[in-house]
Every structure is written in structure tokens, then in C-alpha cells.
Amino acid sequence: MLTTKFDPLKDKMLQVLDPKGKVVDAKLEPKIDDETLIKMYETMLLGRTADTKALQYQRQGRMLTYAPIKGQEAAQVGVAAALGKEDWFVPAFREMAALLYKGAPLKQLYLYWYGNEEGNHFDPDLKILPISVPIASQINHAAGIAYASKIQKKEEVTVAYVGDGGTSHGEFHEGVNFGAVFNLPMITVIQNNQFAISTPRSVQSKAKNLATKAVGYGIPGIVVDGNDPLAMYIATVEARERALKGDGPTLIEAVTYRLGPHTTSDDPTIYRDEKDFKDAETKDPLIRFKQYLIDKKLWSDEKDEEKIKEFTDYSNKIFKEVEETGLVDLDDVFDYQYETLPPHIEEQRQRAKERGGK
Ligand SMILES: Cc1ncc(C[n+]2csc(CCOP(=O)(O)OP(=O)(O)O)c2C)c(N)n1
């Protein structure tokens, strides 16, 4: 069992691909068909490109606040690729690459960050819960879904995401503990991107790693190199098999690094160590997975350039559609919060109308 071999109490970390894309232990390398490997890489690349574009749109004053995923693509796609269509996905708010892999249309994701809640209503067949900004609240939702799956004897698992900062919230404890005591088919992925806004991981918790929290709940936990899509994949496959066998939940800590700002209203250069950042750039998940595919003769630098151009054009086209059709009615913002608007909010509504809000 990977969770035994890579014991979080001994501070071990599961890795299949090193930062240069070389397999570190051939016995761990999963047998994934070529088509799926390419789909995984292309989704990571689409995620990276759509993310870069979203930041640009926001800087151009065309998009609202946006939470980038740069650097975290493997921590997301490695998991999504190990799931079945029947499995539930419960995101926080920084999982665009996983959502794309699970089938969410880019248009909806852009629509959401454009401020239109319609972007958060996914096709029920995708089994994706709405993006959740209240930190860790989604862990209880995931536990509830997994409980329902168990009662209904459905062959499906629920995967929930939370950040390193989110593990300090009460609802993380409630949800993970509930999953453990009821032996639910649930996987909780902690995306440890080293920061909760400006709070570094070292200040967030005194635990030596976040996967050791599993010990307290009596469930398996594992620290995984979150920049390695193959390691994330095999950890998820094992956790999923365990859940489907009725052996309960798993806690996976994906160790990664947020290469961008927390959101577009943050400046990380004020608080992050530039040496750490430069070091993290060399561990970029796209660099290593691209090299792995090149070594397998499944990819090339020319193909990469072509795809980046294709995904850039695609992102621009989709965002244009969002701008043309996705504007919310200004009155919707004001109509549903209060029965009677307080005077200062009424004043804001008037001012917004004067500025041309529809
Ligand atoms: C309940 C709650 N408290 C505070 C916030 C404000 N807030 C937004 S993001 C964030 C930090 C989250 O850090 P982490 O869980 O590590 O996830 P990351 O943003 O790094 O993906 C906070 C405190 C919130 N959204 N919800």
C-alpha cells in the first residue's frame, strides 16, 4: 500500500517523476494509455493558457477578481484522470484544470469569474459541485454526498479539495472526521500551495506535514509530490479502490507551489521568498510532464507551441462570447440581498446606474 510505504509520520513523499521528467522508480510508473496521457497534458496546458489569459483580461479591466492556478495543474489533473464519470468532484475555488478535465466548459468557468453565477451551475451529469469560496465548507458537503452514496449503495466516490489554509478551519475537521467514522467513500485532497493568501504553510500548522492529520482521524494519509501528475494519479487510484471496497476515506496532501498571486488583488512579491519562488519555478509540473511525453515520443516542442497558440485563440474566443452575453443584470445584484435596501446601498445602486450599469 502506498500509504504504508510513504508513511507521512516518517515525512516520506510519493514521487514518480522528478522535476526533469525522469521516472524515479519504474515499479511505481502507472500504465496509462497514450491517449489519456496526452489528454492529461493537454488539459494541463489548456489550464495554464486559460489561466494566463484570465489574468490578462483582469489586468485589462475586463474580468473581475480571479484566483490563478499556475503551478497547480498536476495536483488537479492527476486526480481528475483517476476518477470515473460516476464520481463526484467537490472543488474549492482554485481547481480550474481539474474542472476542465472532468468536463466543465471553459465558458462556464470564465463566466463565473466574470461575476455571473450561471457559471457556477454545472451540468448535473458532470457531478461537479459549485465552486466554493467559504473556506473548507465544501468538505462537509463532500462528506454528505459520500454518506448518501454509501446509503444508496452506489459505486462512486467523492473527491473534495481544500487548501493548506483550509485545514485550519473547523469544517475541515468536521467533514474529514465524519467521513472517517462513517467509513465513507471519500477522498480529501489538500492542495498545499504553501500559502493561504500571505500566510505561509510554516505558520499555518505545527504539523510536520498536513497528511499526518489523517492519523488523528484513523484513516490513511499520504504526502504526494503535487507537481507530479503520475504520483497524484496513482495515489488517487489507490484511494479510490479503497473507497469502493468499503474501506473508507483517504487524505492526500499534494505538495505544490502557487506560482502566481493569491488572487488578482494580491502582490506576492511583498511576502514570498524570491529564492523559494525561483526554486519552485524549476519544479513546474508542465516542464516535467512535457519532458516525460517527449521521451515517450508522444509530444514535441513544436507541438507544444502549436497547442499554446490554439488554446490562446480558444480562450480569447470563449472570453469574447462571455463578454458579449455574460453581463449580469445590475438589478440582480441589489434585488435579492435585502427586503428594503439600506440608504447607502440604494445610493450605490444609483451611482452604478449613472456609470452606465444596465
Ligand atoms: C470562511 C472564510 N474565511 C475567510 C475567507 C477569506 N479567504 C479567502 S482565500 C483565503 C485563504 C485560503 O487559503 P488556502 O486554504 O491555503 O487556499 P488557497 O487560496 O491557497 O488556494 C481566505 C482566508 C473565506 N473565503 N472564507
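In the predicted model, the cover over the buried residues of helix H13 includes helix H2 (34-59), helix H5 (106-113) and helix H12 (285-295). The residues of H13 that are buried are Asp304, Lys307, Phe311, Ser315, Ile318, Phe319 and Val322. Helix H13 itself comprises residues 301-325; at 1.5 Å a residue, its 25 residues should span 36 Å, and the end C-alpha atoms are 36 Å apart, so the expected and computed spans agree.

The packing of H5 on H13 was examined in further detail. Two packed helices are described by the angle between their axes and the distance between the axes. The axes of H5 and H13 come within 9 Å and cross at roughly 55°. This angle makes H5 oblique to H13, and the crossing in which H5 passes H13 is right-handed. On the H5 side, the contact involves Leu106, Lys107, Tyr110 and Leu111, which meet Tyr314, Ser315, Ile318, Phe319, Glu321, Val322 and Thr325 of H13. Classified by residue type, this contact of H5 with H13 contains seven nonpolar, two polar and two charged residues. Ser315, Ile318, Phe319 and Val322, listed among the H13 residues that meet H5, also appear among the buried residues of H13.

A second helix pair is formed by H6 (residues 137-151) and H7 (residues 170-181), whose axes come within 7 Å and cross at roughly 15°. Because of this angle, H6 is roughly parallel to H7. The crossing of H6 past H7 is left-handed. Helix H6 contributes Ser137, Ile139, Asn140, Ala143 and Tyr147 to the contact, while H7 contributes Glu171, Phe172, Glu174, Gly175, Val176 and Phe178. Six nonpolar, three polar and two charged residues make up this contact of H6 with H7.

Backbone conformation was also considered in two loops. Lys127, in the loop between H5 and H6, has a phi near 55°, a positive value in a residue other than glycine. The relative accessibility of Lys127 is 15%, and this residue therefore counts as buried, the cut-off being under 20%. Ile197, situated in the loop between strand S4 (195-196) and strand S5 (199-200), likewise is not a glycine and has a positive phi of about 50°. With a relative accessible area of 45%, Ile197 is partly exposed, a class that lies between the limits of under 20% for buried and over 50% for exposed.

Conventions: Residues numbered from 1 in each chain as written. Predicted model: local features only at pLDDT ≥ 70, side-chain atom pairs only at ≥ 80, totals over all residues. Heavy atoms only, no water. Axes fitted to C-alpha atoms, helices over the stretch in contact; angles between N-to-C directions. Helix = DSSP H or I, 4+ residues; strand = E, 2+ residues; numbered from the N terminus. Parallel < 35°, antiparallel > 145°, perpendicular 65-115°, else oblique. Left-handed = near helix turned anticlockwise from the far one by under 90°. Contact = heavy atoms within 4.5 Å. Nonpolar A, V, L, I, M, F, W, Y, C, P; charged D, E, K, R; others polar. Expected span 1.5 Å × (residues − 1). Buried < 20%, exposed > 50% of the residue type's maximum accessible area, 1.4 Å probe, protein only.
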